[in-house]
Amino acid sequence: MNRLKGKTALITGASSGIGLASARLFRAEGAQLAITGRDPERLAAAQEELGSETLVIRSEAGSLAEIDTLMAQVKNRFGQLDVLFLNAAVSAPAPVEQVTEAQFDKIVGVNFKGVFFTIQKALPLLSGNASIIVTTSITDRSGTPNFSIYAASKAALRSLVQSLGLALVGRGIRINAISPGPIDTGGFNRLALPPDVFQAVK
C-alpha cells in the first residue's frame with residue numbers, strides 16, 4: 001500500500017464525492033496531498049478526515065487568479081507535483097431553451113477553462129514523470145437531455161486530453177481521462193432534477 005510513497009498529489013474538487021474518495025486512496029498509498037474545494041464546511045470535514053498533513057485550500061476552479069494562488073501554495077509546501085488530478089466540476093441541468101449565458105459561462109469556465117489553465121499553470125511544478133488525470137464523464141460521448149452544456153464541456157476535455165497527450169509526451173508527462181457514469185455522490189444528490197428523473201437515473 002505504498003505505491004505513492006514519496007509522491008505529491010494535488011486533487012481539485014476533493015472535498016466530497018469522487019475527489020474525496022480518491023484523496024483517501026492516495027493518502028492510503030502514501031502520497032503527500034493537497035486538495036481543493038469551494039464549500040468551507042465540506043473542506044473542514046475533509047481536513048479532519050485526511051489529517052493536518054494534508055494541504056486543504058479553498059479555491060474557485062474557474063478563476064485564473066485563484067489558480068495562481070493555488071499553485072503558489074502548492075509550490076511553497078511541496079516544491080513539485082507528481083500527480084495532478086483535475087476533478088472539480090459544476091453542472092446546472094436545464095432544457096436548451098432555458099440555458100442562460102451565466103449558466104453557460106460558469107459551466108464552461110470551471111469544467112473546461114479552469115482545467116486547461118490549471119494544467120498550464122501547474123507545468124512548472126510537474127516532475128519529469130508526472131501524471132495528469134482529468135475527470136470527464138460518460139456524457140462526453142453519449143449526450144444527455146438537459147445536460148447539453150455540461151456534456152459539451154466534458155467532450156472538450158476528452159479532446160484536450162488527446163491533444164495534450166501529444167504535447168506533453170516529450171516531457172515525460174502522462175495525461176489520461178476517466179469518464180465515469182452517474183455516481184451516488186453528494187454532488188449528484190444536489191442536482192436540481194425533477195424527482196421522477198432523479199429516481200430514474202439512480
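Biologist: Which residues is Thr 135 in contact with, leaving aside its neighbours within four places in sequence?

Modeller: First, this is a predicted model: local features need pLDDT of at least 70, side-chain atom pairs need 80 or more, and totals for chains, interfaces and linings use all residues. Residues are numbered from 1 along each chain as its sequence is written, and side-chain values use heavy atoms, with hydrogens and water left out. Contact means heavy atoms within 4.5 Å. By that rule, the partners of Thr 135 are Phe 85, Leu 86, Asn 87, Lys 154, Leu 157, Ile 178 and Pro 180.

Biologist: Is Thr 135 buried or exposed?

Modeller: Thr 135 sits in strand β5; strands (E, at least two residues) and helices (H or I, at least four) are DSSP runs, numbered from the N terminus. Buried means under 20% relative accessible area, exposed over 50%, and partly exposed in between, with a 1.4 Å probe and protein chains only. At 5% relative accessibility, Thr 135 counts as buried.

Biologist: Which residues touch the most other members of the largest nonpolar core?

Modeller: A nonpolar core is a set of buried Ala, Val, Leu, Ile, Met, Phe, Trp, Tyr and Cys residues joined through side-chain atoms within 4.5 Å. The largest one has 27 residues. Elements that give two or more residues to this core include β3 (55-58), α3 (64-78) and β4 (81-86). The members touching the most others are Leu 10, Val 74, Leu 84, Ile 119, Ile 132 and Val 134.

Biologist: What does Val 74 touch, not counting residues up to four places away in sequence?

Modeller: Val 74 belongs to the largest core. With those sequence neighbours left out, Val 74 touches Leu 10, Ala 34, Leu 55, Gly 79, Leu 81 and Leu 125.

Biologist: How many residues are in the other core?

Modeller: That core lies apart from the largest one. Among its members are Ala 31, Ala 46, Leu 50 and Ile 133. Its count is 15 residues.

Biologist: Which way do the side chains of β1 point, and are they buried or exposed?

Modeller: Strand β1 covers residues 8-11. Thr 8 and Leu 10 point one way, and Ala 9 and Ile 11 the other way. Both sets are buried.

Biologist: Which residue in β2 is the bridge partner of Ile 11?

Modeller: Two strands pair if DSSP finds at least two bridges between them. β1 and β2 run parallel, joined by 4 bridges. β1 is also parallel to β4, with 3 bridges, and there Ile 11 is partnered with Phe 85. In β2, the partner is Ile 35.

Biologist: Which side chains of β3 are buried?

Modeller: The side chains alternate along β3. Val 56 and Arg 58 point to one face and are not buried. Those on the other face are buried: Leu 55 and Ile 57.

Biologist: Which helix does the chain pass through from β2 to β3?

Modeller: β2 (residues 32-37) and β3 pair in the parallel sense over 4 bridges. The β-α-β crossover between them is right-handed: with the strands pointing away from the viewer, the path from the first strand over the helix to the second runs clockwise. The helix, residues 40-50, is α2.

Biologist: What distance, N to O, separates Lys 121 and Asp 68 in their salt bridge?

Modeller: A salt bridge is a side-chain nitrogen of Lys or Arg within 4 Å of a carboxyl oxygen of Asp or Glu. By this rule there are 5 salt bridges. This one links helix α4 to helix α3, with the two residues 53 apart along the chain. Its N to O distance is 3.0 Å.

Biologist: Which residue forms a salt bridge with Asp 140?

Modeller: Asp 140 lies in helix α5 (residues 139-142), and its partner is 18 residues away in helix α6. Asp 140 is buried, at 5% relative accessibility. The closest N and O atoms are 3.7 Å apart, and the partner is Arg 158.

Biologist: Why is the pair of Phe 116 and Phe 117 called edge-to-face?

Modeller: The structure holds 3 aromatic pairs. Rings of Phe, Tyr and Trp (its six-membered ring) pair if their centres lie within 6.5 Å; planes under 30 degrees apart count as stacked, over 60 as edge-to-face, and the rest as tilted. Here the centres are 5.1 Å apart and the planes stand at 85 degrees, so the pair is edge-to-face.

Biologist: How far apart in space are Arg 174 and Ile 132, C-alpha to C-alpha?

Modeller: Arg 174 lies in strand β6 (residues 174-178). Ile 132 is among the residues that Arg 174 touches. In sequence the two are 42 residues apart, but in space the distance is 6.0 Å.
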